Amino acid sequence: MTITVRAAAKFNLHLGVGPVREDGFHPLATVYQAIGLYDDVTAGEADGWQVTLSAEDHIALAEVPTGDDNIVVRAGKALAAHHGIDRAASIEIHKGIPVAGGLAGGSADAAATLVALDRLWSLETSDEDLLAIAGRLGSDVPFALVGATAVGGGRGEIVEPVADNGAWWWVAVGNEQGLSTPAVYRAFDELVGAGVAEPQVPERLLMALEKGDAGLLAEALANDLQAPALALRPDLAQTFADGEEAGALAVQLSGSGPTVLMLCRDAAHAREVAGAMQAKAYDRVWAAPGPVAGAHVVTY
Ligand SMILES: C[C@@](CO)(OP(=O)(O)O)[C@H](O)COP(=O)(O)OP(=O)(O)OC[C@H]1O[C@@H](n2ccc(N)nc2=O)[C@H](O)[C@@H]1O
Ligand SMILES: Nc1ncnc2c1ncn2[C@@H]1O[C@H](COP(=O)(O)OP(=O)(O)O)[C@@H](O)[C@H]1O
């Protein structure tokens, strides 16, 4: 038997970052939205851990490990340890989420693996325990379980759903070269220093989501990692300028980058902006709706 679970990419509508903590992590006040770019994870019975990879066009797999460093193996081992069982599995990952793009693709795979193995091994792990295991795997993993739109606190792992009445459309523009998340947080420390205030989620963003108003959302987007990421990768400024020229309502870096997200009015406008970016010779361009569901079983 095999079980396939689908998990979505995330975009941080707001990413407020505070002064680095003693454990090396930064306190966050973020608003995550799950958007329609997906990885599928298929889990099957096996005697030892095996990871195989495939991907949609224009998604490079070179940086993704196939051994025990793959986050899906860490996820599987953590779930087995939680239940005190000694089991392994084969995990096939089909990536539709660009790697090292600031879209939390690895976190999506980890969340999908927890859901798939919980079902494959008939464990019936409680949601509370799954979220706790997810939080230990990575700051973004709990959100990949819940999906939709949610506020993230702590180092990002404490998630609380928020009202979102929008039917949003995004254009994501990827980049050939990934960007390392720790390097961007270090650049944040250097640029902004320890003097920065504790971050907060702005009320006007929550209002824009509740109203489902794209004009208001365009004005409320913000990302504290955007300036440090652009300091590391000044070439990205051209993508921002091109997105604005293509008619996007707003252009913002996704998390720690380098993927750039463009807010559109609706599906037709997203197709138009995506076409304009392709005409400018960008070849990693995806239109995606949001919010979408968290990790969910698609076949078994
Ligand atoms: C920046 C964000 C925004 O959502 O996403 P990405 O753009 O990477 O997808 C996240 O904070 C990334 O979360 P995730 O990729 O799960 O990070 P983790 O594995 O927990 O941590 C990797 C490293 O990032 C840094 N880190 C992460 C989270 C945080 N709140 N403060 C940090 O300083 C630390 O250096 C840590 O060692
Ligand atoms: N299943 C996985 N998918 C993607 N990357 C993985 C995976 N497992 C481990 N990694 C490592 O995690 C790094 C960050 O990956 P990813 O989650 O795609 O990006 P980001 O942290 O920018 O959102 C990759 O460069 C890769 O080395």
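Here a trainee and a mentor talk through a predicted model and the terms used to describe it.

Trainee: What should I keep in mind about the numbering and the model?

Mentor: Residues count from 1 along each chain as its sequence is written, while chains are lettered from A and ligands numbered from 1 in the order in which they are written. As this is a predicted model, local features need pLDDT of at least 70 and side-chain atom pairs count only at pLDDT 80 or more, whereas totals for chains, interfaces and linings use all residues.

Trainee: How many helices and strands are there, and what makes a stretch count as one?

Mentor: The protein has ten helices and twelve strands. Both are DSSP runs numbered from the N terminus: helices are H or I with at least four residues, strands are E with at least two.

Trainee: What makes the radius of gyration agree with a compact globule?

Mentor: The radius is taken over C-alpha atoms, and the globule rule is 2.2 Å times the number of residues to the power 0.38. For 300 residues that rule gives a value near 19 Å, and the protein has 19 Å, so the two agree. Along its principal axes, the C-alpha trace spans about 55 × 45 × 35 Å.

Trainee: Why is phenylalanine 188 called buried?

Mentor: A residue is buried if 20 or more other C-beta atoms lie within 10 Å of its own, exposed if 12 or fewer, and partly exposed in between, with C-beta atoms placed from the backbone. Phenylalanine 188 has 23 such atoms, so it is buried. This phenylalanine sits in helix α5. Across the protein, buried residues make up 49% of the 300 residues.

Trainee: Which residues is phenylalanine 188 in contact with, leaving aside neighbours within four places in sequence?

Mentor: They are Val17, Asp224, Leu225 and Pro228. Contact here requires C-beta atoms, placed from the backbone, within 7 Å of each other. The C-alpha atoms of phenylalanine 188 and proline 19 are separated by 9.4 Å, although these residues are 169 apart along the chain. For the protein, residues 24 or more positions apart account for 77% of the contacts with a separation of 6 or more.

Trainee: Proline 98 and valine 99 are neighbours; is each of them buried or partly exposed, and why?

Mentor: Proline 98 has 27 other C-beta atoms within 10 Å, so it is buried. Valine 99 has 19, so it is partly exposed. Proline 98 lies in the loop between β4 (88-95) and α2, and valine 99 is in the loop between β4 and α2 as well. Beyond four places in sequence, proline 98 contacts Ile59, Leu103, Gly105, Gly174, Thr259 and Arg284, and valine 99 touches residues including Ala60, Glu63 and Gly178.

Trainee: How do you know that these two belong to a "binding site"?

Mentor: That comes from an unreviewed UniProt entry, whose list includes Pro98, Val99, Ala100, Gly105 and Gly106. UniProt positions are given in the numbering used here, feature names are shortened, and annotations may be inferred rather than shown by experiment.

Trainee: Which residues come nearest to ligand 2, and what makes a residue count as near?

Mentor: A residue is near a molecule or strand if its C-beta atom, placed from the backbone, lies within 6 Å of it. Of the 21 residues around ligand 2, Ile71, Ala100, Gly105, Gly106 and Asp109 come nearest. The elements giving two or more residues to this shell are α1 (71-83) and α2 (105-120), and α2 gives the most, with four.

Trainee: How does the shell around ligand 2 divide by residue class?

Mentor: There are nine nonpolar, ten polar and two charged residues. Ala, Val, Leu, Ile, Met, Phe, Trp, Tyr, Cys and Pro count as nonpolar, Asp, Glu, Lys and Arg as charged, and the others, Gly among them, as polar.

Trainee: And which residues come nearest to ligand 1?

Mentor: Of the 20 residues around ligand 1, they are Gly102, Gly138, Ser139, Arg155 and Gly255. The largest share of that shell, three residues, comes from α5.

Trainee: What are the domains, and where do their bounds come from?

Mentor: The protein is divided into domain 1 (2-162) and domain 2 (168-290), with bounds from an automatic or database domain assignment. Their C-alpha centres lie 22 Å apart, and the contact takes 32 residues from domain 1 and 37 residues from domain 2. The shell around ligand 1 draws at least three residues from each domain, and the shell around ligand 2 also draws at least three from each.

Conventions
Two residues are in contact if their C-beta atoms, placed from the backbone, lie within 7 Å.
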